[in-house]
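Visitor: I am new to this structure and would like to learn how to read its features. May we look at it together?

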Amino acid sequence: MIAIPGNVRVWLATGYTDMRRGFPSLALQVQEVLHKDPLSGHLFVFRGRRSDLVKAIWHDGQGACLFTKKLERGKFIWPSVAGESVTISPAQLSYLLEGIDWRNPQETQRPTRVG
C-alpha cells in the first residue's frame with residue numbers, strides 16, 4: 001500500500017461506479033457528482049457493482065495516480081447512502097482495503113501480564 005500523507009482526506013463515492021473508467025472519467029465524476037476538486041490532493045475511492053473491486057484516484061502534486069484492488073474472496077464494506085460522498089480516515093481506508101469492517105473495527109483483548 002502507498003503511504004498516504006496525514007493531511008489527505010479520503011472520500012468514498014457511495015453507490016456503484018463503472019469500473020471500466022480510468023482517471024479522466026473518475027476525476028470528472030468527482031467534479032460533477034461529488035462537487036470536489038480531483039486535483040486537490042485528496043483521495044477518492046469508488047466501488048464496482050459486485051463490491052469486490054475498488055479504484056482510488058489521487059493527485060499527489062506531481063501527477064495523477066490510479067489504484068485498483070480486487071478481493072479474491074468477500075466484498076468491500078460500503079456506506080449505504082447513494083449519490084453522495086463519505087469521508088473516512090486513512091486508518092479506516094486501510095481496514096476497508098483489507099476487507100475489514102472499517103465502521104466498527106474490534107480491538108483484540110491484550111494480555112495484562114506475561115505468564
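Visitor: Is serine 51 buried or exposed?

Guide: One compares the relative accessible area with a cut-off: a residue under 20% counts as buried. This is a predicted model, and in it serine 51 has a relative accessible area of 8%, so serine 51 is buried.

Visitor: Where is serine 51 placed, and which residues does serine 51 touch?

Guide: Serine 51 belongs to the loop between S2 and S3. Leaving out residues up to four places away in sequence, serine 51 touches Tyr16, Lys75 and Phe76. Serine 51 also appears in the lining of the second largest pocket, as does Tyr16.

Visitor: Which other residues line the second largest pocket, and how should the lining be read by class?

Guide: Among the others are Thr17, Asp18, Met19, Arg49, Arg50 and Lys70. A lining can be sorted into nonpolar, polar and charged residues; here there are three nonpolar, three polar and five charged ones. The space in this second largest pocket comes to about 160 Å³.

Visitor: How does one read the side of a helix?

Guide: An α-helix has 3.6 residues a turn, so residues three or four places apart point the same way. In helix H1, which spans residues 23-32, the buried residues are Phe23, Leu26, Ala27, Gln29 and Val30. Their arc around the axis is only 155°, which puts them on the same side of H1. Pro24 and Glu32, on the other side of H1, are exposed.

Visitor: What covers the buried residues of H1?

Guide: The cover includes strand S2 (43-47), strand S3 (53-59) and strand S4 (64-70).

Visitor: Which residues are buried in helix H2?

Guide: In H2, residues 90-97, the buried ones are Leu93, Leu96 and Leu97. They span an arc of only 90° around the axis, and therefore lie on the same side of H2. Strand S1 (10-13), S2, S3, S4 and S5 are included in what covers them. Just after H2, glycine 99 has a positive phi of about 80°.

Visitor: Which residues does leucine 71 touch?

Guide: With residues up to four places away in sequence not counted, leucine 71 touches Asp52, Phe76, Leu97 and Gly99. Leucine 71 lies in the loop between S4 and strand S5 (85-88). Its relative accessibility is 12%, so leucine 71 counts as buried. Separation along the chain can also be set beside separation in space: leucine 71 and valine 54 are 17 residues apart along the chain, and their C-alpha atoms are separated by 8.9 Å.

Visitor: How many residues along the chain lie between the positions of glycine 15 and serine 85?

Guide: They are 70 residues apart along the chain, and their C-alpha atoms are separated by 9.1 Å. Glycine 15 is in the loop between S1 and H1. Its relative accessible area is 17%, so glycine 15 is buried. Apart from neighbours within four places in sequence, glycine 15 is in contact with Arg47, Trp78 and Val81.

Visitor: How are the helices and strands arranged along the whole chain?

Guide: One reads the elements in sequence order: the protein chain follows the pattern β-α-β-β-β-β-α, with two helices and five strands. Of its 115 residues, 37% count as buried. Among the contacts with a separation of 6 or more, 58% come from residues 24 or more positions apart. The chain exposes about 7600 Å², of which carbon and sulfur atoms supply 50%.

Technical notes. Residues numbered from 1 in each chain as written. Predicted model: local features only at pLDDT ≥ 70, side-chain atom pairs only at ≥ 80, totals over all residues. Heavy atoms only, no water. 1 Å grid on protein atoms, 1.4 Å probe; cavity = no way out; pocket = protein on both sides within 12 Å on 5 of 7 lines; lining within 4 Å. Points joined across faces, edges and corners; volume = space filled by probe spheres on them. Nonpolar A, V, L, I, M, F, W, Y, C, P; charged D, E, K, R; others polar. Buried < 20%, exposed > 50% of the residue type's maximum accessible area, 1.4 Å probe, protein only. Helix = DSSP H or I, 4+ residues; strand = E, 2+ residues; numbered from the N terminus. Arc of directions from axis to C-beta. Contact = heavy atoms within 4.5 Å. Areas by Shrake-Rupley, 256 points an atom, 1.4 Å probe, with all protein chains shown as cover.
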